[in-house]
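User: I have a new structure open and would like to go through it step by step. Can you help me read it?
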Amino acid sequence: MMRNGFRTRGFFPSVFLILGAAAIVVGGCESLGSIAEVGTGVAVATGRMTEQQAESVTRTADAVSRSFEDITPEQEYYIGRAVGATILDQYEPFDEQAVTEYLNLVGQGLAMASDRPELFGGYRFMALDSDEINAFATPSGLVFISRGLLRLTRSEDDVAAILAHEIGHIRHRHGLQAIRTSRITTALTSAAITGAQFATSEEVAELTEAFEGSISDITSTLVNSGYSRGAEREADEAAVEIMKRVGYDPNGLIRVLERMNESWVADGPGFMRTHPSPTARIDVVRNAIGTYRHDGTGSAERQRRYERALGSI
Amino acid sequence: MRRRLGFATLILLGVATALWAQTMMSVEVRETQVRSNPSFLGRVDAVLNYGDRVEVLEQAQGWARVRHDGVTGWVHSSALTTKRIVMQTGDAAAQREATGSEVALAGRGFNQEVEDRYRAEQGLNYDAVDRLEGYAVDAARLAAFLEEGALRLPGGDR
């Protein structure tokens, strides 16, 4: 009986350990790209393929497995800087010390409570000197909010709602998803990155072209076409979650959306061109808030500093 | 008895495999902090840089307890990747390895060189981006701002 019991207990852990070991071995196995590489290596060695043919096979196989998810935070950083430089070329920065400091204090707190607080170069927040009602986020963590949109806020919680929505876009990497796959493929499989040798000037030129195209894909999405409804829903849901975690009233997002709705004209400029109607978004936000009730603590101090920083925006 | 020994060997083998597979991760952001507890308000015990390898001891609620250079503490998981990051090097073997999915080459692809070229061609307002990136929020100032506003950050005192 004892022996049987021992065997029973002993058998299963061993099976799991073996399976575990097998999983580690399989898990450590090569991606599609590397398997193709091994295969082409053999073909080259046996003289059935030229080096050049082999390289093109390797690149094609690599291309299959590349998507926005393969973009490293370091590359995301350079993409985001270029998107930021483009936005700040089209919109004048509103660089007033008290406003910038306030936006960064509110924004950093929110970013730290998000699911993705760490970016290659970190989050930064800034106002744009524009009457348009709009806000943008670059993939690298730069968040811009127009004076027109800030004027629709009445409290720190309202400001937090807008910044948290933009942080949601960054956390879900929506900007990178706007890049055409062909450009990502070029960028991530060019010899300049897979690196058999250091990049030649033609390779840098090819990369720069893919870079230029990527920036244009993102900025035209941000400024003209907008993200999908699904992406806006994800950003709104992330905003509600972040606000609950930090202790802001997530109803701030509903209040801002209601005010945005008052200036809503179908096909109007700014957010009206790039976002679903505020009424549709309010339903999403109400669902996300659920039964949560904010107890109102800290509201007085938050109101005081909000008015001091943004009272005359 | 022989069977017992067989099982024991298998178990030992499993344990050895588990030890061999201890989780190593790399820092994939420019800089991050090792903190005394899993919270951005926790005391900073060390600073890690891009590409640094850490041993992950446990993970909880978005944070990883890690060991690096004899210092043990908490790093937010969003700063870490399971890939090994190879800093730019002329080492051909390391570069060939980077074609696999387990390794990333730092400073390759969309990098400073591509930015310089793009910037020279397009102009744009990179100066304003540089100024904004230079803007840093002081940690003590942020902690006071949160406290005065009755706000909190997720994370614990463990």
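User: How much surface does chain A expose?
Analyst: Chain A exposes about 13,300 Å², and carbon and sulfur atoms supply 53% of that area. Areas come from the Shrake-Rupley method with a 1.4 Å probe; for residues, only the protein chains shown count as cover. This is a predicted model, in which local features need pLDDT of at least 70 and side-chain atom pairs count only at pLDDT 80 or more, while totals for chains, interfaces and linings use all residues. Residues are numbered from 1 along each chain as its sequence is written, chains are lettered from A and ligands numbered from 1 in the order in which they are written, and side-chain values use heavy atoms, with hydrogens and water left out.
User: And what is the surface of chain B?
Analyst: About 8,500 Å² is accessible in chain B, with 50% belonging to carbon and sulfur atoms.
User: What share of each chain is buried?
Analyst: In chain A, 56% of the 313 residues count as buried; in chain B, 42% of the 158 residues do. Buried means under 20% relative accessible area, exposed over 50%, and partly exposed in between (1.4 Å probe, protein chains only).
User: How many helices and strands are in chain A?
Analyst: Chain A has 16 helices and four strands. These are DSSP runs numbered from the N terminus: helices are H or I with at least four residues, strands are E with at least two.
User: Where do α4(A) and α11(A) meet, and how do they cross?
Analyst: Helix α4 (residues 73-90) and helix α11 (residues 201-225) of chain A have axes that come within 10 Å and cross at roughly 55°. Axes are lines fitted to C-alpha atoms, for helices over the stretch in contact, and angles run from 0 to 180 degrees between N-to-C directions.
User: Which residues touch there?
Analyst: Among them are A:Y78, A:I79 and A:A82 of α4(A), and A:F211, A:I215 and A:I218 of α11(A). Contact means heavy atoms within 4.5 Å.
User: Switching to chain B: how many bridges join β4(B) to β5(B)?
Analyst: Five bridges join strand β4 (residues 53-60) to strand β5 (residues 63-68) in chain B, and the two run antiparallel. Two strands pair if DSSP finds at least two bridges between them. B:V56 stands opposite B:V66 in β5(B).
User: What about the turn in that hairpin?
Analyst: Two residues lie between the strands, and B:Q61 takes a positive phi near 45°.
User: Which strand does β5(B) join next?
Analyst: Six bridges join β5(B) to strand β6 (residues 71-76) of chain B, again antiparallel. B:W63 has B:H76 in β6(B) as its bridge partner.
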